[in-house]
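Hi,

Here is the structure I promised to pass on. Have a look at it first, and my notes follow below.

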Amino acid sequence: MKVTEHLQKANGNSLFSFEILPPLKGDTIESIFKNIDPLMEFNPPFIDVTYHREEYVYKELGDGLLKKQVVKKRPGTVGICAAIQNKYQVDAIPHILCGGFTKEDTENFLIDLDFLGIDNVVALRGDAVKSETYFKPEKEGHTYATELVTQIDNLNKGKYLDDDLQNSSKTDFCIGVAGYPEKHMEAPSLDSDIHFLKKKIKNGANYVVTQMFFDNQKYFEFVEKCREEGITVPIIPGLKPISTKKQLNLIPHRFKVDLPDTLVKEVLKCKDNNEVRQVGIAWCIAQSKELLQKGVPILHYYSMGRSTNIQKIAAAVF
């Protein structure tokens with residue numbers, strides 16, 4: 001079922017969903033199931049599965065030369081989605097990136113998803129690899145998520161890369177895209193960022209999932225600005241509980257997200273990360289309850305591969 005259909009079926013009631021990471025290479029699918037199992041009591045209509053692009057290392061050959069070698073640290077998102085749908089009978093939503101994909105790769109990826117009966121995708125540009133300062137697309141790939149959305153929408157219309165293809169079948173993907181209440185780190189302004197978000201919607205996107213935020217007012221203002229610009233699709237808030245002191249510096253640096261002074265002060269008072277986790281859980285519960293009161297369509301949690309904190313939050317909220 002499509003995300004938009006889940007929302008219609010909910011009749012205005014807020015739903016619970018979460019996102020997982022593929023396990024590190026060498027782990028089994030059971031490591032994913034172990035983290036999903038405790039969250040199933042809250043009846044998620046869907047589970048997002050991130051995609052991690054290939055990374056590179058340079059190895060010395062012994063003669064002063066370096067060899068570029070691809071390192072793939074995590075197993076494929078397609079197989080994980082299939083396993084989740086088979087075991088839990090809920091929709092699994094794979095993330096699909098511009099980075100690391102040619103247009104042909106993207107089409108093949110989408111064909112596989114369609115064969116598996118996967119109805120939803122989240123279209124993202126993706127980040128630059130660690131060895132690069134700025135994002136670089138593949139030679140025959142997409143530079144922006146707007147282009148990726150267009151390709152997915154074209155498949156929904158039966159338009160494949162091969163113009164000579166006859167009697168092609170249409171796909172029927174529901175397309176999610178990312179939104180940034182505090183703007184994307186590379187955007188010159190929030191208004192500019194919303195302009196391009198609107199373009200993604202125009203190109204075929206059906207809903208928005210936001211980057212994590214810790215101040216609900218940022219989300220409310222973002223939604224208001226989007227509505228003023230004519231964006232009418234559902235805007236799903238993405239939440240993540242703080243769990244370590246290190247994240248006070250890591251989150252603003254990596255995601256360009258501000259942390260409220262009150263939250264920072266509470267975390268700094270903590271003697272260890274066990275206390276930090278309790279502060280993070282309490283803060284996220286308060287965020288969640290306020291968002292529910294405002295009638296958000298879904299509360300979407302970034303589990304980062306661990307379910308304990310999310311389980312405690314969901315138990316207090318749903």
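To get you oriented, here's one to try: in which loop is the place of Gln-89? The answer is the loop between helix 3 (77-88) and strand 5. Keep in mind as you read on that this is a predicted model.

Gln-89 caught my eye for its backbone. Its phi is near 55 degrees, a positive value in a residue other than glycine. Gln-89 is also exposed, with a relative accessible area of 63%. Lys-183 is another non-glycine with a positive phi, in this case about 70 degrees. You'll find Lys-183 in the loop between strand 7 and helix 6, and at 25% relative accessibility it counts as partly exposed.

Now the overall layout. Eight strands close into a barrel, and going round it the order is 1-2-5-6-7-8-9-10, with parallel pairing. From one strand to the next the twist averages 30 degrees.

Strand 1 (15-20) is a good place to start going round. On one side, strand 1 pairs with strand 2 in the parallel sense over three bridges, and the bridge partner of Glu-19 in strand 2 is Asp-48. Strand 1 is also joined to strand 10 by five bridges, again running parallel; there Ser-17 stands opposite His-300. Strand 10 (residues 298-302) in turn is joined to strand 9 (residues 235-239) by two bridges, also parallel, and Leu-239 has Tyr-301 as its bridge partner.

How many of the six residues of strand 1 are buried? Six of the six are, so the strand is largely enclosed by the rest of the structure. In a regular strand, side chains alternate between the two faces of the sheet. Here both faces are covered: Leu-15, Ser-17 and Glu-19 are buried on one side, and Phe-16, Phe-18 and Ile-20 are buried on the other.

Next, helix 1 (residues 3-10). It lies across strands 1, 2, 5, 6, 7, 8, 9 and 10, running at about 155 degrees to strand 1. Val-3, in that helix, has a list of contacts that goes well beyond its sequence neighbours: leaving aside those within four places, it is in contact with Phe-46, Ile-93, Asn-120, Cys-174, Tyr-207, Ile-236 and Ile-298.

His-6 lies in helix 1 as well. Is it buried or exposed? At 12% relative accessibility, His-6 counts as buried. Its side chain makes a polar contact with the side chain of Asp-91, at 2.7 Å. Apart from neighbours within four places in sequence, the residues in contact with His-6 are Met-1, Leu-15, Pro-45, Phe-46 and Asp-91.

Lys-2 sits in the segment before helix 1. You might look twice at this lysine: Lys-2 is buried, with a relative accessible area of 18%, where the cut-off for buried is under 20%. Setting aside neighbours within four places in sequence, Lys-2 is in contact with Asp-119, Asn-120, Asp-172 and Cys-174.

Two other helices are worth a look. Helix 7 (residues 216-228) lies across strand 7, strand 8 and strand 9, running at about 160 degrees to strand 9. Helix 5 (residues 145-156) has 12 residues and reaches 17 Å from its first C-alpha to its last, close to the expected 16 Å. Helix 5 is mostly covered, with nine of its 12 residues buried; among them are Leu-148, Val-149, Ile-152 and Leu-155. What do the buried residues of helix 5 pack against? They pack against strand 5, helix 4 (103-115), strand 6, strand 7 and helix 6 (190-202). Just after helix 5, Gly-158 takes a positive phi of about 85 degrees.

Last, the nonpolar core. The largest one has 91 residues, and those with the most contacts inside it are Val-3, Ile-20, Ile-36, Ile-84, Ile-152 and Tyr-301. Its largest share, six residues, comes from helix 10 (residues 273-293). Several names from above turn up again here: Val-3, Ile-20, Ile-152 and Tyr-301 are among those with the most contacts in that core.

Shout if you'd like to go through any of this together.

Cheers

Methods: Residues are numbered from 1 along each chain as its sequence is written. This is a predicted model: local features need pLDDT of at least 70, side-chain atom pairs count only at pLDDT 80 or more; totals for chains, interfaces and linings use all residues. Side-chain values use heavy atoms; hydrogens and water are left out. Two strands pair if DSSP finds at least two bridges between them. Helices (H or I, at least four residues) and strands (E, at least two) are DSSP runs, numbered from the N terminus. Axes are lines fitted to C-alpha atoms, for helices over the stretch in contact, and angles run from 0 to 180 degrees between N-to-C directions. Contact means heavy atoms within 4.5 Å. Buried means under 20% relative accessible area, exposed over 50%, partly exposed in between (1.4 Å probe, protein chains only). A nonpolar core is a set of buried Ala, Val, Leu, Ile, Met, Phe, Trp, Tyr and Cys residues joined through side-chain atoms within 4.5 Å. A polar contact is a pair of N or O atoms within 3.5 Å; within protein, one must be able to donate a hydrogen and the other to accept it, and residues adjacent in sequence count only if both atoms are side-chain atoms. The expected span of a helix is 1.5 Å times one less than its number of residues.
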